[in-house]
Every structure is written in structure tokens, then in C-alpha cells.
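Student: I would like to go through this structure with you and ask, at each step, what justifies the words we use for it.

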Amino acid sequence: QLQLVESGGGLVHPGGSLRLSCAASGFTLENYAIGWFRQASGSGREGVSCISSSGANTEYADSVKGRFTISRDNAENKVYLQMTGLKPEDTAVYYCAAIFVGANSVWSPLSQTLVDYWGKGTLVTVSS
């Protein structure tokens, strides 16, 4: 069974940090670009960040540039999103998603329409 499972969400104060993890089972992530998307209550889902299958290229939404860092460990079949300087407006359910691009690709498409697999999400709440 092909699955993506997110973890690491929780409640954090403004200015705090969290690290989200995305683990794959049933398939290898080395052929996929991995994106992080988020959906706040009452809003549509938006792209946050994406990393190419090679790990060489990354993309970030303007709202998180300089605060979030995406990385991957293909040996562990995991992708991470390090979030620092968190703001209340970062509160959302965060989803990881796999986009097939082939191994060693530098393509990092932050596009929901290209997603092949979605995780079920992890909730991040930023509040004092």
C-alpha cells in the first residue's frame, strides 16, 4: 500500500519552530519531487515548498522564504520541513505530496495539479 505519512505538527508560540517529517511506505521517494502544501481553516490549499528528487533544487512560497527549509534523505525515504519564526498565519493543516519526476531530476514543481500521492496531513497551530 502506497502511503505518505506526515508527523511533527503541534501547538507552538509565535516565533517558535517545528520540524515536520514526511515518510513514505510502499514506494521509494527517490523518483519523486516532494511538496509541502497547507490549508488553513476556511481557505484553499496552497503550496509551501517543494524539493526535487535530486535534492538540488527547492522552491518556496514568498510567505515562507527565509523561514522554512525543505530537505530530504532518500536513504531514509523521508522529507523534512524545518519551520522557524512561525507566525499565527502559518496555522494550517500541512500535507506532503509526491510528484513523479524521475530519479535525479532538478525539477521542483510546486503544483497541486501534478501531485500523484497525498498524505493525510498534520496540524500546525501557532498561537500564544
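Tutor: Let us begin with a pairing, keeping in mind that this is a predicted model. Strand 1 and strand 3 run antiparallel and are joined by five bridges, and within that pairing Gln3 has Ser25 of strand 3 as its bridge partner.

Student: What makes strand 1 and strand 3 count as a pair?

Tutor: The definition asks for at least two bridges between two strands, and strand 1 and strand 3 have five, so the pairing is established.

Student: Which strands make up the sheet, and in what order?

Tutor: The sheet is an open one of four strands in the order 1-3-8-7, with antiparallel pairing. Strand 3 (residues 18-25) pairs with strand 8 (residues 78-83) over six bridges, one of which sets Ser21 against Tyr80. Strand 8 is also joined by six bridges to strand 7 (residues 68-73), where Ile70 stands opposite Leu81.

Student: Why are strand 1 and strand 7 called edge strands?

Tutor: Strand 1 (3-7) and strand 7 each pair on one side only, and that is what the term describes. With direction ignored, neighbouring strands of this sheet are turned by 15° against each other on average.

Student: What is notable about Asn77 in the hairpin of strand 7 and strand 8?

Tutor: The hairpin has four residues between its strands, and Asn77, which lies in that loop, has a positive phi of about 60° although it is not a glycine. The description also fits Asn104, another residue with a positive phi of about 60° that is not a glycine; Asn104 is found in the loop between strand 9 (92-100) and strand 10 (117-118).

Student: How do you know whether Asn77 is buried or exposed?

Tutor: Buried means under 20% relative accessible area, and Asn77 has 15%, so Asn77 counts as buried.

Student: And what about Asn104, buried or exposed?

Tutor: The cut-off for exposed is over 50%, and Asn104 has a relative accessible area of 66%, so Asn104 is exposed.

Student: Where is Ser108, and what is it in contact with?

Tutor: Ser108 is placed in the loop between strand 9 and strand 10. Its relative accessible area is 8%, and because that is under the 20% limit Ser108 is buried. Leaving aside neighbours within four places in sequence, Ser108 is in contact with Cys50, Ile51, Ser52, Asn57, Thr58 and Glu59.

Student: Which residues have the most contacts inside the largest nonpolar core?

Tutor: That core has 27 residues, and those with the most contacts inside it are Leu4, Trp36, Phe68, Val79, Leu81, Met83 and Tyr94. At least two residues of this core come from each of strand 3, strand 4 (32-39), strand 5 (45-51), strand 7, strand 8, strand 9 and strand 11 (122-126). A second, separate core has seven residues, including Ala33, Ala97, Val101 and Val115.

Student: Why is Phe68 called buried?

Tutor: Phe68 has a relative accessible area of 2%, which is under the 20% cut-off, so Phe68 is buried. Phe68 lies in strand 7, and, not counting residues up to four places away in sequence, among the residues it touches are Arg38, Val48, Tyr60, Leu81, Met83 and Tyr94. Met83, on the same reckoning of neighbours, is in contact with residues including Leu18, Leu20, Phe68 and Val124.

Student: What makes the pair of Tyr95 and Trp118 edge-to-face?

Tutor: The ring centres are 6.4 Å apart, within the 6.5 Å limit for a pair, and the planes stand at 90°, over the 60 degrees required, so the pair of Tyr95 and Trp118 is edge-to-face. Tyr95 lies in strand 9 and Trp118 in strand 10, so this pair ties together parts that are 23 residues apart in sequence. Tyr95 is buried because its 15% is under 20%, whereas Trp118, at 30%, falls between the two cut-offs and therefore counts as partly exposed.

Student: How do you know that Arg45 lies over the face of Tyr95?

Tutor: Arg45 is at 5.2 Å from the ring centre of Tyr95, and the distance limit for a charge over a ring is 6 Å. Arg19 likewise lies over the face of Tyr80, at 4.1 Å from the ring centre.

Definitions and conventions
Residues numbered from 1 in each chain as written. Predicted model: local features only at pLDDT ≥ 70, side-chain atom pairs only at ≥ 80, totals over all residues. Heavy atoms only, no water. Buried < 20%, exposed > 50% of the residue type's maximum accessible area, 1.4 Å probe, protein only. Core = buried A, V, L, I, M, F, W, Y, C linked by side-chain atoms within 4.5 Å. Contact = heavy atoms within 4.5 Å. Axes fitted to C-alpha atoms, helices over the stretch in contact; angles between N-to-C directions. Phe/Tyr/Trp six-rings, centres within 6.5 Å; stacked < 30°, edge-to-face > 60°. Lys NZ or Arg CZ within 6 Å of the ring centre and 35° of its normal.
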